[in-house]
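The following paragraphs offer a guided reading of the structure displayed below. Please keep the coordinates at hand while reading.

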Amino acid sequence: MAIRLNAVIGPLAPDPYLLAAAVVADLAIGDPVYAWHPIRLVGRTLTWLEDKLRAAGFDGYGGGVMLFIGLATTSLFVVSIVVGGARLISIDAARAVHAFVLYSLLALGDLLHQVWKIESAVRADDLPRARRAVSVLVGRDTDCMDAGACRRAAVESLSENLADGFVSPVFWYVLAGLPGLVVFKVVSTMDSMVGYKTARYLRFGWCGARLDDAMNYVPARLTWLVIVAVAALLPPYSGRKAWAVGLGQHALLLGPNSGWSEAGTAGALERRIVGPIWREGRKVTDLWVGDPRDPPLESASDVARAIALALAAGLVVAAISVFVLDAVGHGEVRGTVVTGQTLRSDGRVFIRSERWLDVAAGELRGPLVVEVVGDRIARMIPAGDFNQIPDGSLIDLRTATLMPGLIDAHVHLQIGGSPEANAVATLRAGFTTVVDLGATSDVVLRLRDRIREKRADGPRILAAGRWVGTRNGICEFGGIGVAGGPQAFGNRAQENLDAGADVIKVCVSTWLADAFTRPDAYEIQDEALAAVVETSHRSRRPVLAHAISLGSVKAALRAQVDGLAHGALIDDATAVQLRERGVFMISTLASLAGAGTGPAGRALRAAVAAAHKTGVRIVFGTDAGVVPHGENASEFAAMVDAGIPAADAIRSATIGSARTWGLDEQIGTLAAGRVADIIAVDGDPLTDVRALSKVLFVMHEGRIVRR
Ligand SMILES: [Zn+2]
């Protein structure tokens, strides 16, 4: 139900994080009095409406009902306009306004403050000041009140208002979001302004008073139960008496609701409260609530315990509410997932979020529901058409940013842990496709096959098989370096192709430091390099060159390789050549130059940024295995630091990379017909690419991998 509600009321829907923020703000800064406070606006509108209704002759029951309808409609309309208007600016603006309204309508902090005002006046022996403070809280004569009576009035009011000033608002917010809360506050304002049993208000105020009783019915009893629980757990209180006095004496107090929390509090404190009350010079009651064997509440420590009890109960209610909202928001899918992996039997699921990233345009777009059928995106349903969604199959990702699964074009799943574990870590980090550029055996090729056949978990893999590099060179791992001439190199490439390699990786230069100091040096014969490229192209497989020095890039260009596996120290003329020939460059800045601020690192960053500016296709890649698997997204920050715009960095890991591998009809964008490789991240990656490290949701080929 909450999910349907979210679809209808959008930015007004209950949100656990905003609730937590509002409660903290309410406790920290209370509720300052100012003319435009939402509750005051409701009050002023009420007075205006009441005058109009009475003038028109509606001063009976009907007038009260009209007052409610008019006031509730106006308030809901204004709140929708204000939050909806902010939504036009940005999602964060709407959330800020939402949080502010929520905070303004909670009154626990202010209540505690008022009670403390009474208590501090009593402690200062300033009885007149204490009485004035009491008269703000309760409608009764304060002239005859001694210090004990002031304290009892304070605690009485505290326990009553804990229920209708805090627990009820939170309850209605959890149940029905800002609209629920606003209607409750309208009702409660009506009750306090027109809910009197006087000749003038008996009929006109009836509607507000009865609605107030109804809306507080459940929260009042919940408040009592929470008081019982807190009193049972904390040593200075009696949970048993909170239960017994609440149950036995709640009916002593006027109205169906307020007796529960007041009698519960008296029991919890093991003190009697209320006592004689005077109104308009007459003693209207001489009623004590609490265990008759307990003393009257009158000491400073009694008040301190009462404040601590109310605060603890309020925090418990807030914590439970945040937990419930969080569980509902994230839990809807649980009923539809079998074995945590497969979707409902009809293979149909809907993923909703407030925003999604159109990677091609480099823009965040508004609310969207993605319909997934099997392993494909069936439809992209824009805002306003949410009523097409059947119940029980919606994953609501709230304000997380939906985007296509990421592609890392340079990993080594064999390095730094087991290939299987590394594959899962990579996938969970939101990388639904990787290109594995070298291993010492065909282990990654076979893992690729098992994942493809759904016999193992992991991202879609394109793999190079074994490195093709010179004996004792940069890609020498355990004796796999090739000894011999062009024939031997061609044979190695062919062995990889026979084992099912998707690409061929050939090692041309050494590492960055050496490439920086000896720009012309590289470690493979031109003829051997040409043999590798010829062999691969015969099988229509691209060749990627590990080529970081300028000389090695020039050699790679001469041999007609298809891409560079790393960022390279190229000059402008070479960058132009790369662009003209359509040779791409995989960035790998995080692993090569991420931490290094030395001259080589700076030169590499500058060269990659300049190549990007020149128009060389930069493809996102990390050399994961050198950086830990699962931290692939660290490359985004490295690219942005080097001067590549965030939108371009993101394209280089999505649509741009997909085109490079000829997979752009399958992956790289969110669009109907594409493979359902969908992730959601926390935040706006266009303004802060570190959001791409905060992955909240991963779907790979229609299967939920992370949530
Ligand atoms: Zn590598």
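Which domains does the domain assignment of the chain give? The assignment lists domain 1 (2–329), domain 2 (340–404 + 668–707) and domain 3 (406–667). Domain 2 is thus written as two segments, 340–404 and 668–707. The model under discussion is a predicted one. Taken over C-alpha atoms, the centres of domain 1 and domain 3 are 64 Å apart.

The account may begin with helix 7, which comprises residues 127–137. Its buried residues are Ala130, Arg131, Ala133 and Val134. They cover an arc of only 160° around the axis, and therefore they lie on the same side of helix 7. Pro128 and Val136, on the other side of helix 7, are exposed. The packing partners of the buried residues of helix 7 are helix 6 (108–123) and helix 8 (147–194).

Further along the chain, the loop between helix 11 (258–269) and strand 1 (273–279) contains Glu270. Most residues other than glycine have a negative phi. Glu270 is not a glycine, yet its phi is positive, at about 55°. Is Glu270 buried or exposed? Glu270 is buried, because 22 other C-beta atoms lie within 10 Å, and a residue counts as buried at 20 or more.

Two sheets come next. In which order do the four strands of the open sheet stand? The order is 7-6-3-8, with mixed pairing. Strand 7 (376–382) and strand 8 (394–396) occupy the edges; each has a single partner strand, so one side of each is left without a neighbour in the sheet. On average, and with direction ignored, neighbouring strands of this sheet are turned by 20° against each other. One of its pairings joins strand 3 (residues 348–353) to strand 8 in the parallel sense, over three bridges. Within this pairing, Ile351 has Ile395 in strand 8 as its bridge partner.

The other sheet is likewise open and is formed by six strands in the order 5-4-9-18-19-20, again with mixed pairing. Its edge strands are strand 5 (363–365) and strand 20 (703–706), each of which pairs on one side only. From one strand to the next, the twist averages 25°. Strand 19 (residues 695–700) and strand 20 run antiparallel and are joined by three bridges. Met699 stands opposite Ile704 of strand 20. In general terms, strands of a sheet pair through backbone hydrogen bonds, either parallel or antiparallel.

Helix 15 (residues 486–498) permits a simple check of geometry. At 1.5 Å a residue, its 13 residues should span 18 Å, and the end C-alpha atoms are 18 Å apart, which agrees. The expected value is 1.5 Å times one less than the number of residues. Which residues of helix 15 are buried? They are Phe489, Gly490, Arg492, Ala493 and Asn496. Because these residues cover an arc of only 155° around the axis, they are on the same side of helix 15. On the other side of helix 15, Gln487 and Asp498 are exposed. Among the elements that cover the buried residues are strand 13 (504–507) and helix 17 (526–538). Helix 15 is followed by Gly500, which has a positive phi near 100°.

Two loop residues complete the tour. Ser549 is located between strand 14 (543–546) and helix 18 (550–558). Why is Ser549 classed as buried? There are 26 other C-beta atoms within 10 Å of Ser549, and the class requires 20 or more. When residues up to four places away in sequence are not counted, Ser549 touches Ser509, Ala515, Arg518, Pro519, Ala521, Tyr522 and Leu569. Ile461 is 88 residues from Ser549 along the chain, and their C-alpha atoms are separated by 28 Å.

Thr588 is found in the loop between strand 16 (584–586) and helix 20 (589–593). Its phi is positive, near 45°, in a residue other than glycine. Thr588 is buried, because 34 other C-beta atoms lie within 10 Å.

How values were computed: Residues numbered from 1 in each chain as written. Predicted model: local features only at pLDDT ≥ 70, side-chain atom pairs only at ≥ 80, totals over all residues. Buried ≥ 20, exposed ≤ 12 C-beta atoms within 10 Å, placed from the backbone. Arc of directions from axis to C-beta. Contact = placed C-beta atoms within 7 Å. Pairing = 2+ DSSP bridges. Axes fitted to C-alpha atoms, helices over the stretch in contact; angles between N-to-C directions. Domains from an automatic or database assignment.
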